Amino acid sequence: MVEPLHGYKVIDITQGIAGPYCSCLLGDGGADVVKIEPLSGDAARSMAPPYIGDQSALYLALNRNKRSIALDITKPQGREVLLKLISG
């Protein structure tokens with residue numbers, strides 16, 4: 001069975017709970033979700049307990065079905081990578 005959002009790409013630049021939850025649902029539907037995190041990581045990584053290993057259970061639950069990359073989008077090189085991800 002083909003998932004309903006198969007073939008769609010989502011660039012997720014959100015942090016915390018609401019945005020990652022929304023993009024998580026898109027990933028559950030089959031979209032290819034790429035999460036962009038600041039170099040320090042998403043704030044939800046430290047929203048715990050509980051932990052699973054050294055990761056916040058909340059972070060793991062909200063960011064399933066996603067690939068991730070850390071970028072400093074305040075710098076030209078980081079913005080360039082982000083724009084390439086968005087455009088193609």
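Trainee: In this predicted model, what makes strand 1 and strand 2 (residues 32-37) a pair?

Mentor: Four bridges join strand 1 to strand 2, and the two run parallel. Pairing asks for at least two bridges, so strands 1 and 2 with their four bridges count as paired. One place to look is Lys9, which stands opposite Asp32 in strand 2.

Trainee: What does the whole sheet look like, and in which order do its strands come?

Mentor: Three strands make up an open sheet, in the order 1-2-5, with parallel pairing. Strand 1 (9-12) and strand 5 (66-70) each have a single partner strand, so one side of each has no neighbour in the sheet. From one strand to the next, the twist averages 20°.

Trainee: Which helices lie across strand 1, strand 2 and strand 5?

Mentor: Helix 1 (residues 18-28) lies across these strands and runs at about 155° to strand 2. Helix 3 (residues 76-87) lies across them too, running at about 155° to strand 1.

Trainee: Now the cysteines. How do you know that Cys22 is in no disulfide?

Mentor: A disulfide is a covalent bond between the sulfur atoms of two cysteines. The cut-off for the two sulfur atoms is within 2.5 Å. For Cys22, the nearest cysteine sulfur is that of Cys24, 9.6 Å away. That separation is too far for a bond, so the pair does not qualify. A search of the whole structure likewise finds zero disulfides.

Trainee: Why is Cys22 called partly exposed, and is Cys24 buried or exposed?

Mentor: Buried means under 20% relative accessible area and exposed means over 50%. Cys22 has 48%, which lies between those limits, so Cys22 is called partly exposed. Cys24 has a value of 1%, so Cys24 is buried.

Trainee: Where is Glu37 found, and why does Glu37 count as buried?

Mentor: Glu37 is found in strand 2. Its relative accessibility is 4%, under the 20% limit, so Glu37 counts as buried.

Trainee: What makes the meeting of Glu37 and Tyr59 a polar contact?

Mentor: The limit for such a pair of N or O atoms is within 3.5 Å. The side chains of Glu37 and Tyr59 make their polar contact at 2.6 Å, so the distance fits. A polar atom of the Glu37 side chain also lies 2.7 Å from the backbone nitrogen of Asp42.

Trainee: Which other residues touch Glu37, leaving aside neighbours within four places in sequence?

Mentor: Besides Asp42 and Tyr59, Glu37 is in contact with Arg45, Ser68, Ile69, Ala70 and Leu71.

How values were computed: Residues numbered from 1 in each chain as written. Predicted model: local features only at pLDDT ≥ 70, side-chain atom pairs only at ≥ 80, totals over all residues. Heavy atoms only, no water. Axes fitted to C-alpha atoms, helices over the stretch in contact; angles between N-to-C directions. Contact = heavy atoms within 4.5 Å. Buried < 20%, exposed > 50% of the residue type's maximum accessible area, 1.4 Å probe, protein only. Polar contact = N/O pair within 3.5 Å; in protein donor to acceptor, adjacent residues only side chain to side chain.
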